[in-house]
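Student: Could you take me through a close look at a single part of this model, the salt bridges, and then show me how the surroundings are built?

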Amino acid sequence: MIKKFLDLGYQPLANSYVLKKNLKRKEKIFKLEVGFNNKNYLVSILKTISKEKMFNKDYPYKSSESYTMRKSFKELAKKIKKLFKPEFIIEIGSNDGAFITNFNKKSIVGVEPCKNLAQITKNKKYITYSEYWNQKLSKKITKTKKADVIYSANTLSHIENFNEIFEAINNALSEKGVLILEDPSLLKCLQNVAYDQFYCEHIYVFSTLALREILKDFNLEIFDIENTKTHGGSNRYYIKKKDNNFYKISSHVKSEIKKELNFGLDKFSTYKKFEKKVKISKKNLLNIFNTLKKNKSRVIGYGATAKSCTVLNYCGLGNEDIKYFFDTTSYKVNKYLPGSKILIKKYKKLDRREVDVVYLGAWNFKEEIFNKEKSFIKNGGKFITHVPYPKII
Ligand code: JHZ
């Protein structure tokens with residue numbers, strides 16, 4: 001049974017940036033509530049939005065925008081080549097090609113339903129299917145050869161129907177085939193009080209405990225896990241069919257499960273504690289913004305993320321608190337953040353003469369951003385983050 005533990009209020013669709021001409025138009029909103037299923041330990045949002053409304057012909061998020069992600073995909077590609085020597089790879093949710101472009105064009109195909117993104121890799125001559133991943137597509141792609149590796153990062157958490165995904169994966173995997181899934185870690189999300197991991201697109205935030213249960217229904221099992229730093233702390237799961245004896249189950253699986261049980265990810269009470277922390281986080285973040293307002297500090301935002309949408313709308317922050325956001329993504333520039341309607345400007349290096357304090361919408365890229373903005377920091381510029389607790393740095 002799914003029991004609600006968190007109410008993040010009414011929210012617009014996180015990646016639906018608003019054009020100036022539509023500022024007065026009513027946005028689609030939905031109630032963002034999060035629940036825990038005590039049968040399979042799965043944490044999910046309670047009301048879901050249809051995939052066609054979220055992932056369509058002009059999806060604004062591009063994985064290649066950050067150096068951290070480009071580096072992470074490049075390193076993983078190197079590792080996959082070394083470990084599995086794959087002849088054929090499928091990436092589900094290939095976005096703008098940050099992963100697939102590390103491989104030879106003949107050895108990989110991308111699946112990306114967002115047409116604007118799929119076009120980017122098609123232009124680079126990578127075979128890209130601009131469709132949702134399902135059994136029909138899986139059969140089409142693997143007509144002549146099955147995949148030795150299927151990779152999918154930050155995508156499984158976006159797809160509601162597990163039957164559809166995993167049956168198609170089971171069909172596509174070769175005898176030795178390995179499925180690699182990478183998604184934000186629920187443990188990290190709770191430890192960091194990163195409640196902004198919940199928004200319309202993140203239907204699920206997975207624990208190993210939950211994923212293990214789900215995979216059982218499809219005769220799949222996790223044989224290794226890596227904790228990665230991306231997106232505020234993610235898990236990279238290496239998965240195989242149960243009857244694939246080419247790989248042994250690593251001790252990392254047991255130790256990760258132990259970590260999660262020690263934290264109490266199997267207990268509803270843990271999630272109620274998290275709810276309390278989220279409320280305190282909101283209160284403390286608002287205190288910071290109120291003080292800055294009183295002091296007439298010039299505050300802007302950095303990284304108009306999907307995550308920011310949850311924070312801004314849950315906390316009721318707007319133009320009076322954050323003058324504008326900087327973002328490098330051309331698809332977002334000159335539009336307004338959903339709900340809060342804060343303008344997104346084309347990124348330029350932070351200038352201490354113009355700005356006092358910067359809210360880190362992309363807190364998950366803190367190191368990368370601090371590296372880029374050394375001169376702003378040297379000149380006394382400050383940042384606000386709400387992770388793991390609201391503070392000025
Ligand atoms: P970032 C998106 O979430 C949506 P978001 C999606 N649902 C998901 O799961 C994750 O990605 C993976 C900008 N930026 O990665 C670029 C700068 O401007 O935290 C991006 O707009 N300057 C698919 O949106 C945003 O910040 C910089 O120096 O929460 C980062 O978005 C850097 C590093 C980033 O994901």
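Tutor: Happy to. Let's start with Glu33, which forms a salt bridge with Lys31, the closest N and O atoms being 3.7 Å apart. Please keep in mind that this is a predicted model. The two partners differ in exposure class: Glu33 is buried, with a relative accessible area of 16%, whereas Lys31 is partly exposed, at 24%. The cut-off for buried is under 20% relative accessible area, so Glu33 at 16% falls within that class and Lys31 at 24% does not. This pair also belongs to a network of salt bridges in which Lys4, Asp7, Lys31 and Glu33 are linked.

A search of the whole structure finds 23 salt bridges, and two others make a good companion to Glu33 and Lys31. Asp351 forms a salt bridge with Arg353, with the closest N and O atoms 2.9 Å apart. Here Asp351 counts as buried at 18% relative accessibility, while Arg353 is exposed, with a relative accessible area of 68%. Asp356 forms a salt bridge with Arg352, and for that pair the closest N and O atoms are also 2.9 Å apart. Asp356 counts as buried at 17% relative accessibility, and Arg352 counts as partly exposed at 26%. In each of these pairs, then, the acidic partner is buried.

Now for the sheets. An open sheet of four strands has the order E1-E2-E3-E9, with antiparallel pairing. Strand E1 (2-12) and strand E9 (204-205) stand at the edges, each with a single partner strand, so one side of each has no neighbour in the sheet. The partner of E9 is strand E3 (residues 43-45), and the two pair in the antiparallel sense over two bridges. One residue pair to look for there is Ser44, whose bridge partner in E9 is Tyr204.

Strand E7 (residues 147-153) is another element to inspect. Seven of its seven residues are buried, so E7 is largely enclosed by the rest of the structure. Three bridges join strand E4 (residues 89-92) to E7, and these two strands run parallel; within that pairing, Ile90 has Ile150 of E7 as its bridge partner. E7 also pairs with strand E8 (residues 173-184), again in the parallel sense, over six bridges. In that pairing, Val149 stands opposite Val178 in E8.

On the surface, Lys74, Lys78, Lys82, Lys85 and Lys176 gather in a patch of positive charge. Helix H2 (residues 67-84) supplies the largest share of the patch, three residues. Lys78 has its place in helix H2, and this lysine is exposed, with a relative accessible area of 64%.

A last stop is Leu317, located in the loop between helix H10 (306-315) and strand E13 (325-327). Although Leu317 sits in a loop, this residue is buried, with a relative accessible area of 4%. Leu317 and Gly339 are 22 residues apart in sequence, and their C-alpha atoms are 9.6 Å apart in space.

Terms used
Residues are numbered from 1 along each chain as its sequence is written. This is a predicted model: local features need pLDDT of at least 70, side-chain atom pairs count only at pLDDT 80 or more; totals for chains, interfaces and linings use all residues. Side-chain values use heavy atoms; hydrogens and water are left out. Patches are made of residues with over 30% relative accessible area and no salt bridge: like charges are joined within 9 Å, nonpolar side chains (Val, Leu, Ile, Met, Phe, Trp, Tyr) within 5 Å. Accessible areas come from the Shrake-Rupley method with a 1.4 Å probe; for residues, only the protein chains shown count as cover. A salt bridge is a side-chain nitrogen of Lys or Arg within 4 Å of a carboxyl oxygen of Asp or Glu. Lys and Arg count as positive and Asp and Glu as negative; His and the chain ends are not counted. The place of a charge is taken as NZ of Lys, CZ of Arg, CG of Asp or CD of Glu. Buried means under 20% relative accessible area, exposed over 50%, partly exposed in between (1.4 Å probe, protein chains only). Two strands pair if DSSP finds at least two bridges between them.
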